[in-house]
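Me: I would like to learn how to read a model of this kind feature by feature, with the general idea put before each case. Could we begin with the ligand?

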Amino acid sequence: MTAQQKTDYDIIAIGAGFAGLGMIHHAREAGLSIRVFDKASDIGGTWTWNRYPGAASDSECYYYCLTFSKELLQKWSWSVRYPGWEENHRYMRFVADECNMWPNIQLNTEIVSADYQEDSGHWKLSTAGGEEFTCKYFVSAMGMISEPVIPNFKGMDTFKGPLFHSARWPEEGLDYAGKRVGIIGAGATTVQMLPVMAETAASVTVFQRTANFIMPAVQKRMTPEWEKEIKENYDEIIDKCRNHIFGMAFDSPVGRNLADTPPDEVQRIFEEHWPRGSFRFVFETFDDLLANPESNRIAGEFVISKMKEIVKDPEVAEMLTPKGYPFFAKRPPLDHNYYEAYNRDNVKLVDIKDREPLVEITETGIRTTENEYDFDIIILATGFQAYTGAQEALTIRGRNGLTLRDKWEDVSASILGVFTADFPNLFMITGPQAPFANLPTSIEQNIHYIIDCIKKMEQEGYDVCEPKQDAEDEWVAHVAEVHEQTLMAQGDKVHSWMMGANLENRKPRVLIYFGGANVYYDKMRDSVDAGFPEVEFESLAS
Ligand code: NAP
């Protein structure tokens with residue numbers, strides 16, 4: 001194939017979640033043909049796969065959405081502050097319907113490999129069904145927390161009842177009423193799932209390795225007044241997200257540090273903000289909670305004290321107390337009555353780290369070093385291979401047959417989380433070494449950047465966009481340097497998916513750019529203005 005040969009599509013993207021839908025809009029606006037593939041039976045990404053009870057966004061609804069159409073922002077109405085998976089899913093179908101995106105989407109189609117074609121600069125993608133499709137620009141829109149981690153527990157295949165990962169919730173639903181449920185893992189997923197399941201299950205037992213710092217979500221119904229206020233201020237909301245270090249419409253920085261504030265005043269401010277809910281507690285109280293270890297310790301102590309006000313059994317409260325790592329060094333879940341659930345008679349917490357390690361899964365349940373627990377259902381809420389998992393789940397081959405999996409064996413290297421050397425014309429939306437932030441904001445900023453690059457290539461007649469190795473080395477070094485200055489880098493104490501420390505067969509690594517999402521968005525704009533100095537544009541001879 002030569003560069004002059006026509007491809008099936010200008011752009012092929014994998015993943016029909018927020019990233020895929022956003023790509024369709026912006027690609028079509030740029031006059032490019034696009035097809036989005038997804039192995040799922042519906043669009044929605046995260047909100048198609050994570051159908052567990054209680055699944056909801058932890059970003060507030062009015063900035064957890066796509067912002068490319070002011071008309072759609074006005075037309076859609078949210079029912080609550082943190083919409084559940086069904087509502088998020090309905091919203092995404094609304095976007096696809098309103099914008100007539102369905103002709104660009106192909107569901108139930110798993111792409112198993114993508115191969116760069118050295119002679120043409122094109123990509124050839126193969127499906128599980130044996131079909132092949134070609135494109136000039138290949139976009140990973142697969143999400144940064146989408147590939148489940150399924151630990152290999154001894155005896156896992158012997159369990160007689162349903163056993164599955166929380167992100168592979170049965171599409172037809174699961175009747176757990178009156179059943180005994182075991183949940184392995186105690187992260188954000190379990191924090192959402194436990195209180196809902198405990199209401200009707202006979203019992204729910206959570207097997208916890210590491211306790212989390214958990215903040216209140218404070219769910220609220222949308223009111224006509226609140227909706228009006230939001231809809232009248234969308235420009236400002238979008239602007240706030242674009243300029244916030246976490247991509248959220250928060251009022252920060254606040255211009256004060258805990259370190260300079262008298263202790264009584266610190267308590268007063270914490271107490272005032274706590275009932276407001278969301279991550280706002282971290283970003284709208286003091287500016288130094290994530291930077292100053294002592295300020296961070298005091299905030300962490302406050303969070304723990306709030307948990308102890310709720311959990312009645314002191315032994316359970318002790319097990320729920322996070323130890324040995326700083327507040328926010330693991331992504332703190334938001335609480336919708338998680339702690340209250342531990343006051344119920346039908347809920348039990350098992351400490352599998354220090355007290356009774358998990359030995360095996362049996363035909364009838366879970367055996368620890370101390371006890372045997374019988375279950376009807378076991379759920380693995382064991383997290384994800386963040387940032388790289390989705391891209392590594394298929395075989396993506398770049399120059400000289402190099403696979404992304406092999407390239408990222410030790411270092412998940414990228415340029416701005418978008419490009420990676422030796423993989424020309426491949427663009428990743430929120431790939432490794434991008435920031436961790438409100439996802440729709442980051443996704444849209446990435447899409448603008450990618451589309452600007454593609455437009456430049458089309459307008460100036462280039463065939464190949466070659467990420468430069470020295471630009472990659474520079475970004476990797478910069479991301480590592482920033483990481484070193486954060487709480488995440490405190491020795492080997494932090495066992496977080498944010499560094500890939502949850503993977504058994506991989507070394508922990510720097511997966512996230514912690515310099516601030518707003519700073520990162522500025523860097524992408526600077527790159528556009530400078531003509532994308534991180535990549536080499538080439539025209540192939542005919
Ligand atoms: P997670 O935070 O990584 O939690 C996984 C849990 O499983 C942890 O408690 C972990 O223990 C445990 N675990 C993993 N492997 C294990 C093993 N071999 N044996 C025993 N325990 C094991 O995963 P998650 O709860 O699914 O959440 C992941 C991320 O997804 C969140 O941080 C968030 O960013 C996103 N998420 C978002 C929402 C939302 O916004 N609404 C909801 C859910 C998830 P250790 O901590 O000791 O590793």
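Me: Which N or O atom of His495 should I look at beside the ligand, and what distance separates it from an oxygen atom there?

Reply: A polar contact is a pair of N or O atoms within 3.5 Å; within protein, one must be able to donate a hydrogen and the other to accept it, and residues adjacent in sequence count only if both atoms are side-chain atoms. Here an N or O atom in the side chain of His495 lies 3.3 Å from an oxygen atom of the ligand. As for the ligand as a whole, the protein covers 89% of the 910 Å² of accessible area that the ligand has on its own, where accessible areas come from the Shrake-Rupley method with a 1.4 Å probe and, for residues, only the protein chains shown count as cover.

Me: What should I keep in mind about the source of these values?

Reply: This is a predicted model, in which local features need pLDDT of at least 70 and side-chain atom pairs count only at pLDDT 80 or more, while totals for chains, interfaces and linings use all residues. Residues are numbered from 1 along each chain as its sequence is written, and side-chain values use heavy atoms, with hydrogens and water left out.

Me: Which residues come nearest to the ligand, and how is the shell made up by class?

Reply: A residue is near a molecule or strand if one of its heavy atoms lies within 4 Å of it. Of the 27 residues around the ligand, those that come nearest are Ala56, Ala186, Thr189, Thr210 and Lys330. For classes, Ala, Val, Leu, Ile, Met, Phe, Trp, Tyr, Cys and Pro count as nonpolar, Asp, Glu, Lys and Arg as charged, and the others, Gly among them, as polar; on that basis the shell has 13 nonpolar, nine polar and five charged residues. Helix 5 (residues 188–200) supplies the largest share of the shell, three residues; helices (H or I, at least four residues) and strands (E, at least two) are DSSP runs, numbered from the N terminus.

Me: What polar atoms do Lys330 and Ala186 place beside the ligand, and where does Ala186 sit in the chain?

Reply: Lys330 has a polar side-chain atom 2.8 Å from an oxygen atom of the ligand, whereas Ala186 uses a backbone N or O atom, which lies 2.8 Å from an oxygen atom of the ligand. Ala186 belongs to the loop between strand 8 (180–184) and helix 5, and it counts as buried at 10% relative accessibility (buried means under 20% relative accessible area, exposed over 50%, partly exposed in between, with a 1.4 Å probe and protein chains only). Ala186 and Gln208 are 22 residues apart in sequence, and their C-alpha atoms are 5.3 Å apart in space.

Me: How do I judge the span of helix 1, and is this helix mostly covered or uncovered?

Reply: The expected span of a helix is 1.5 Å times one less than its number of residues. Helix 1 (residues 18–29) has twelve residues and reaches 17 Å from first C-alpha to last, close to the expected 16 Å. Helix 1 is mostly covered, with ten of its twelve residues buried, among them Phe18, Leu21, Met23 and Ile24. Just after helix 1, Gly31 takes a positive phi of about 80°.

Me: Where do residues other than glycine take a positive phi, and are these residues buried or exposed?

Reply: Tyr387 has a positive phi of about 70° although it is not a glycine; Tyr387 is found in the loop between strand 16 (377–380) and helix 13 (389–393), and at 0% relative accessibility it counts as buried. Asn400, also not a glycine, has a positive phi of about 55°; Asn400 lies in the loop between strand 17 (395–397) and helix 14 (404–407), and with a relative accessible area of 72% it is exposed.

Me: Which residues does a cis peptide bond join?

Reply: The bond joins Ser252 and Pro253, with omega about 5°, and Pro253 is found in the loop between helix 7 (234–242) and helix 8 (263–273).

Me: What does Asn296 reach with its side chain?

Reply: Asn296 lies in helix 10 (residues 293–310) and is buried, with a relative accessible area of 3%. The side chain of Asn296 reaches the backbone oxygen of Phe327 at 2.8 Å.
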